[in-house]
Amino acid sequence: MTRRSFLASLLLTCVAPSVRAALGQPAATRIAAVDRAATASLLALGVRPVAVAAPGVYRAMKGFPPLPEGCIDAGYSVEPNLEVIRAVGTQLIVMEATSLHNRGALERVAPVFVLDIFGETGHADFVDQAKAEMFRLARLIGREDAAMRYWQTVQTCFAATRLRLDGYARRPIFVVQLGLGDGTILLYGRNSVTFDVMNRLGFENVWPGTTSAFGVAQVDLEQLADIPHADIFYIDFGADSQAALGALARSPIWTNLPMVRERRVYPMPPFDPLGSLPTAIQFAGSFEAALRLRGPR
Amino acid sequence: MTASTAGISRTARWTMHPGYLAGALAVLAMAISGWCLSRYVPVPHWSELFVGSRTADLRLLVARYSFLPRCVVGMLAGAALGLAGTVLQHVLRNPLAEPTTLGVSAGALLSLTLASLWWPGLLDVGREGVALAGAATALLLVTAISWHRGFSSIGIILSGLLVTLTAGAITSVLTLFFGERLTPVFIWQTGNLYQDGWGSAAHLSIGLGGGALLAALIAGPLAVLDLGDEGARSVGQRPAVIRVAAMLLSSALTAVVVAEVGVVGFIGLVAPWLARLAGARTLRQRLVWGPLTGASLLWLADGCVQWLGQAGTALPTGAVTALCGTPLLIWMLSKLKEGMPAQAQGTPVAPARRARAPGAWTFAGGVALLVCCVVLSASFNRELAGWSAGSWDHVRMLLPLRAPRIAAALAAGAMLSIAGVIMQRITGNPMASPEVLGISSGALLAMVALIVFLPAATQGTQAAAATAGALVVLSIMFSLSRRASYSPDRLILTGVAMTTVLGSVVSLMIASGDPRALVLQAWMSGSTYPVGPAAAVVASGAAVVALVAMPFVARPLEIMSLGDASASSVGVDLRRYRSIVLLLCAMTTGAATLIVGPVSFVGLLGPHLARMFGFRRVRAEALGASIMGALLMSLADWLGRNVLYPNQMPAGLMVMFIGGPYFLVLMWRQKS
């Protein structure tokens with residue numbers, strides 16, 4: 001999306017509610033979601049999507065809020081099924097900027113609303129960006145109250161978590177996803193939910209390098225030693241992570257990393273890194289759990 | 001050595017020792033590696049690399065357990081690939097044969113993908129074992145099929161190609177649907193030489209040692225193959241047995257490399273060539289210097305990648321070698337001069353079931369079948385409530401969504417088949433087709449370049465770029481095929497090489513985390529999903545233009561397939577027609593690639609089915625082929641929409657699922 005078209009769409013969505021009011025049209029209530037960020041945003045607003053792309057993947061990737069039973073499956077996100085989306089009487093399709101390549105096809109079925117969370121080069125202020133985008137969506141579908149309530153929930157969650165983690169040592173922390181023995185590790189940093197939420201909770205997500213629009217960077221194992229006093233929180237995907245840890249245990253470099261030698265590597269309950277605002281609450285919970293496992297020292 | 005093994009014009013006027021080139025490359029590699037090493041450990045401390053066992057100095061550990069093993073692994077893998085390539089090029093009598101030709105890497109990649117999706121524990125226990133199992137399965141398939149064809153080199157190459165394409169199609173589907181979980185596989189696929197310990201180096205040296213021993217044992221019998229199959233038999237050797245042994249050796253070596261470091265392109269192709277150019281004449285010399293050249297080459301390439309790459313964002317070496325290999329390949333093609341006895345004349349997989357020329361009834365039957373298929377595809381589909389053969393009113397409502405896809409499938413199938421017919425005629429090669437000869441890859445490569453450098457390009461610009469790309473590759477292929485010595489299997493190998501390059505570009509994009517890669521991946525698998533009404537109209541228009549133009553070029557095409565001499569003797573100026581025919585071929589390929597992507601067997605299957613039904617003359621064959629192609633593609637599109645409903649399978653992949661096994665069975669049944 002170019003900046004101009006982005007501004008235009010921003011302007012359009014600002015006037016959209018008034019136009020709608022003038023025309024006397026009811027807000028769209030039958031809404032389809034074609035990716036995880038869109039699904040999460042709608043669920044947070046209390047809207048049950050009429051059709052969801054790949055609900056199985058959403059559940060497997062620990063999408064948050066949890067998907068209610070009985071949502072119609074619209075097929076994989078790569079190519080959401082147009083006939084299904086039409087058959088359920090969809091009035092509006094919500095997508096995140098990563099699904100933009102499908103916009104043309106989907107617009108043949110219903111108007112498309114694009115959330116910009118991981119668009120362009122990403123947004124370092126993840127929470128503010130996701131919040132702004134959720135409010136933009138809420139205005140269009142007449143759910144400002146729900147958005148306001150959800151934002152209250154997010155703020156309450158942050159405040160409560162901050163309070164509970166008051167006495168915990170503020171050492172820098174790497175949030176990583178373990179790979180399978182290719183010598184690199186996936187690190188979450190700027191542009192990701194982890195970076196912004198940890199900052200808000202008063203902890204430092206330390207990776208100084210550049211990250212992708214999704215807020216991840218692939219780094220060599222030895223680069224973790226650049227900040228020797230940092231802890232490692234790895235996202236615990238069960239069997240996959242155990243396999244990865246097994247492979248790493250054979251690596252002389254991994255085993256000699258200061259944090260590994262000092263056993264400062266902790267599992268973290270999984271969160272959906274490709275979600276929207278609700279992911280912030282989910283990650284805050286995961287982070288607190290991992291931190292409690294580490295202990296306050 | 002007879003002319004049969006030499007592929008290169010011997011222009012070297014002075015005799016050079018083959019060691020000079022390998023040595024020069026090695027010195028260069030050593031210098032770069034030394035410089036890289038000094039980034040981890042300053043030169044005065046280099047002695048500490050080897051003495052002093054226990055240390056916690058991470059930079060020293062990285063140098064000792066990551067950098068040094070990486071250099072050694074580069075050398076060993078390069079040597080193994082060089083040996084595999086030398087042996088394979090010798091037994092297949094084809095200087096363009098590559099270790100990956102046998103389908104070994106594709107099989108290994110598929111097994112690894114499957115394992116990482118459903119049995120991640122297996123990867124932890126032994127990634128190598130999993131990859132070897134896949135490689136062995138692929139080799140078994142290739143061997144079983146080429147067994148029936150007496151291990152002729154064209155049989156081996158074709159079955160290798162089909163196994164590669166089919167395994168690749170399955171991998172693509174898995175990637176498409178489970179992409180997020182497969183990132184480690186992608187990194188592996190692109191040939192990342194990263195090491196953490198000496199394990200891989202040890203495995204590779206055992207594998208290479210065994211391979212070298214075996215190569216030394218069969219060097220004698222191998223050399224006998226130079227006499228030709230008859231000659232070899234007359235001195236008491238069995239060519240088929242020698243070929244099997246050599247192929248086993250070659251693919252075992254490749255499988256070990258693939259398992260340890262992933263797919264490293266072009267080393268196995270280039271190293272034997274360079275060794276020969278540098279003066280290794282006899283087979284024994286080439287068996288020694290091919291691997292050594294490969295070793296220094298991969299070491300050098302990996303050194304450059306490490307030298308230029310930033311920490312953490314380093315490019316995968318395998319993909320880089322494949323990319324750098326392209327110009328080398330083109331240069332090598334221009335050097336190809338001396339011919340080898342063309343082994344496969346005639347149609348390898350075109351059974352002539354009917355001698356009788358088909359009448360109007362056959363056409364009518366084909367058209368009727370096509371109409372039935374279209375009606376079925378439009379009206380009988382899975383819907384939310386289950387299978388539904390809807391009323392007209394119901395279908396009419398859904399037609400805006402279904403019709404563009406059906407039209408695009410029909411048009412693409414027809415156009416690719418026409419392109420296939422044209423190409424088979426002008427190259428005189430029954431296995432020629434836009435996909436097999438890399439024409440589609442050329443079109444796609446041009447579009448990828450456009451997407452990367454000009455993201456805002458319009459549909460029209462994209463179409464122009466695709467056509468231009470197709471035209472460039474087509475011209476290269478065509479000028480190659482006109483050389484009397486350029487055998488059909490060599491042409492196919494050239495096309496496969498083009499496809500390999502394209503694949504490495506895309507894996508490079510995926511590994512670098514470029515979000516456009518997923519879109520590209522979806523499009524490369526041949527999908528009608530994004531086609532809207534406008535694109536469908538354009539596609540149908542292009543198909544109609546191609547169909548209308550066909551009768552006008554039919555006669556020149558028939559004459560062309562007789563050869564230039566006969567053509568001028570009947571007084572036809574071929575030059576004028578040739579450019580029109582080439583343009584027509586590029587236009588159809590470009591348009592079809594734009595709509596459904598580059599991979600599909602239609603261009604091969606359409607003409608082949610048409611001939612099976614007895615359509616022999618160009619005009620009839622083109623019409624029959626386009627009906628068959630359209631039928632196939634629309635059927636594939638219908639299947640793709642319904643098999644995994646509500647999930648959508650790209651039509652191009654469905655065609656591969658149907659076409660790959662179909663051809664394999666056909667080859668299995670047909671004895672040479």
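Which residues have the most contacts inside the largest nonpolar core? In this predicted model, they are B:L222, B:I422, B:M550 and B:L557, and the core they belong to has 161 residues. If you are tracing it on screen, a good place to begin is helix α2 of chain B, residues 58-91, which gives the most to this core, with 16 residues.

Let's look at one of those residues up close. Leaving aside residues up to four places away in sequence, B:I422 touches B:M550, B:L557, B:V581, B:L584 and B:C585. Apart from this core lies another, of 54 residues, and among them are A:V47, A:Y168, A:I235 and A:L291.

Now turn to the place where the chains meet. The size of an interface is often given as the accessible area lost when the parts come together. Here chain A and chain B bury about 4100 Å² between them, with 60% of it on carbon and sulfur atoms. On the chain A side, A:Y76, A:E79 and A:E83 lose the most area to chain B, together 18% of what that side buries. The contact draws 46 residues from chain A and 45 residues from chain B.

A:E83 is worth a second look: A:E83 forms a salt bridge with B:R402, and their closest N and O atoms are 2.8 Å apart. The count between the two chains is one salt bridge, while eight residue pairs are in polar contact across the interface. Of the elements in chain A, α4 gives the most to the side that touches chain B, with five residues. That side divides into 23 nonpolar, eleven polar and twelve charged residues.

Terms used
Residues numbered from 1 in each chain as written. Chains lettered and ligands numbered in written order. Predicted model: local features only at pLDDT ≥ 70, side-chain atom pairs only at ≥ 80, totals over all residues. Heavy atoms only, no water. Core = buried A, V, L, I, M, F, W, Y, C linked by side-chain atoms within 4.5 Å. Buried < 20%, exposed > 50% of the residue type's maximum accessible area, 1.4 Å probe, protein only. Helix = DSSP H or I, 4+ residues; strand = E, 2+ residues; numbered from the N terminus. Contact = heavy atoms within 4.5 Å. Buried area = accessible area lost by both parts, 1.4 Å probe. Salt bridge = Lys/Arg side-chain N within 4 Å of Asp/Glu carboxyl O. Polar contact = N/O pair within 3.5 Å; in protein donor to acceptor, adjacent residues only side chain to side chain. Nonpolar A, V, L, I, M, F, W, Y, C, P; charged D, E, K, R; others polar.
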